[in-house]
Amino acid sequence: MVGVIKSKGPQEQTRAAGVLQINTAADQVASAIGRAADRVGQVAYQKFEDEQTELGRQTAKNMKMRDASGNIVYTDPTQDMSRVARNAARPIIESNYARQLAIDFDGALIDLRRDTAAHQNNPEKFRELAQLKLEGIMNGIPQDFAGVGSAVLDQVGAERTMDHYNQLSRAKIREEEAVAISNMAIDIGEDVKNIAALIRSGDVDIAKDLAESARSKAELVIGMGGTLQQQKALTRSIDTVVYGEAANATVNAMIDEGLFDLLDPLAESFEGGRVVRPDLEVVVAGKKTTLREALAERGIDDEALANIEDVEVRGAVAASIRTRANQYSQVQSANAKMVAMLSEVNNQMTGNGLGGTGSKNEDLMQDYFSSKGLDMTNITSAEAAAMAQDPTSELGKFLRNGQVFPTGIKRQLINAANGLAPPKTADELRNLLTLWGTGSMGITTQGPVVRDKLGNDDANAFWSNVNNYAMSYGMEAATEYATALTSDSTIGADLESQARTRLGNPNKDAYAQIKQRWIDSGWKDKTNPRAMSRMKTIAIRAYASLPNDEADDYVNTAYETLFAPTDYIITPAIMGATRQDRSEFAPERFYPDDMMSTFTEHVNKKLSKAGGFYELGENAFLYPSPDSTNSSVTWQVLDRQGKPILNSNGSILIRSQELNKNNTMAKKFADAVAQKIEDAQAIRDRAMTYGNNLAETKSKGLNFGAGLIDSLLGEQ
């Protein structure tokens, strides 16, 4: 819309005169300058604030929170900062420390959870120990950061403690449930045994009542926290014995009646849940009938079989029927075999010339001795060797008069010959030599070989390896021992007699004189405690063959060859906790040169997990286990007082087999053992030279020095 503005026409207005303004605008300029200056100051301060804020943030982010050992380092770099920088840095620092404390709290609780020996899976005990452990961490927090620690303790510490507490509580409940279910299973297992006994004794009605009671127990398992699968398994065990024992009674009756052909159809019927081939024609008590009728007379029909709903129960009963049928068949076969076996055993033991040879008879004889408890493994045991030396025992008679070795003995002799499964210890080698010496009736390495028992090649290979095994296993005088068994050698008595004479008293035991000589000379006090017993065999030969002074030198050389210098061996507290200068199993011998640093690192790493601070060679030392051998050494770690140093797993043990998983360590170890054998070989060669005359005179073909290196090397 367009409006029209009308003129009011001429107007007159009057008012009093005002103040005349005469300023020059200087005040406005000054005001403008002031406002501009304020804006400049505000911009400068904002820039300062931004810079200080960034400084605080970067300082906080770049802080080193832990030292080289992983411990939290508490520092406050904000003390000399401006208020702005400090306000920016402090929240970040506290957040970082809170995060690190949370890690330590969590780790401490996890370590405590693993330490079941401390809390024994008791939730309340765990919570009590957790509180102490977390308070211990809190005590290490400086006052300036106590607030951070309290916050983390209230949040992470409390939450994770409760997590572990709840987990342990649930585990305890599950454990209690498992124990209860296990006890119930044991109880039902006893019921099952009683049910079987009752059915076998004819008390079927009582057995049924007990079975029903046992089924009721099995139904309680689910209410105890168990599973349906557990309940079914218990019920299945009950049904299996109920139906299985009834079926076994039927099977035994059929066998007694000569109805062996009915057993397989019976098993098939249980598997199928109905009578299979019901119209199959069978003969029972001389009369023709059908399978359905024959089984029905024994209470087995389609309805009875269908009542066994559990397929696995039916399968178990069928398997039991077949097992009983097989047992019957095997008994029949075994009876026939036993007659033949006993006849062959009699021929072998009496040496009537009717005993057979060959692998069939070797197996047959092994079967016989297996039935007597001397199976393929035991027939070369120490017990078997003792029996072999008794000419009145069955094995003693057999080895002396028989035409074959049982398979177990023959196989072990051949394995020893070809190195596939050599004897592992000196005792095993002695056992083999005893069995060989008895079974070969005086045959030695120089004499003929009984072909029927062990072929020439196998026998010669065995004897060529006997000395090698003796060197490796530390067996004393292996060939001398075998020769004494088979040739009535007097070499042992001859050595003893000559040693007595050389030592000055023909009427006193030679070794007793030798020990006294070592004690009087102070040699015993300077040697490893094991030295006297280890040097016995060497000493008898040395003092029988050499002037006493030379024998002293020889024994000392042998000692230094066998016992290597060491800085790490100490005897246990019971032996006086004495540091040893030499040891047969000095780690320096097995891991020379740069490998010793790897060895000590390995030991110190294990020591780091023990309570307190220990370092090998300073306040921790080693003692070789008595069962250590050249192929496997075990050292126990002891303190200065000769007492075991323990970690959470008990005594700390250092095993060469663990170290030798490293190929370089294994190579060094093997080289060291080879050098040990080579050094001992030199001692043996010297012994052979010294003892040559006596050996030739007293024992034809006897290697006089064979026992020396055996003694030097110790068991593998």
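Contact here means heavy atoms within 4.5 Å. With that cut-off in hand, the predicted model can be read from the whole chain down to one small sheet and the helix that lies across it.

The protein chain has 29 helices and nine strands. Of its 716 residues, 41% count as buried, where buried means under 20% relative accessible area. The accessible surface of the chain comes to about 39100 Å², and carbon and sulfur atoms account for 50% of that area. Among contacts with a separation of 6 or more, 63% join residues 24 or more positions apart.

Three of the strands form an open sheet in the order E5-E6-E9, with antiparallel pairing. Strand E5, residues 621–624, and strand E9, residues 653–655, are the edge strands, and each pairs on one side only. From one strand to the next, the twist averages 35 degrees. In general, strands of a sheet pair through backbone hydrogen bonds, either parallel or antiparallel.

The pairing of E6 with E9 can be followed residue by residue. Strand E6 covers residues 634–638, and its antiparallel pairing with E9 runs over three bridges. One of the positions to look at is Gln-636, whose bridge partner in E9 is Leu-653.

The helix comes next. Helix H25 is made up of residues 595–607 and lies across E5, E6 and E9. Relative to E9, helix H25 runs at about 150 degrees. Because angles run from 0 to 180 degrees between N-to-C directions, this value also takes account of which way the helix and the strand point.

Key:
Residues numbered from 1 in each chain as written. Predicted model: local features only at pLDDT ≥ 70, side-chain atom pairs only at ≥ 80, totals over all residues. Heavy atoms only, no water. Pairing = 2+ DSSP bridges. Helix = DSSP H or I, 4+ residues; strand = E, 2+ residues; numbered from the N terminus. Buried < 20%, exposed > 50% of the residue type's maximum accessible area, 1.4 Å probe, protein only. Areas by Shrake-Rupley, 256 points an atom, 1.4 Å probe, with all protein chains shown as cover.
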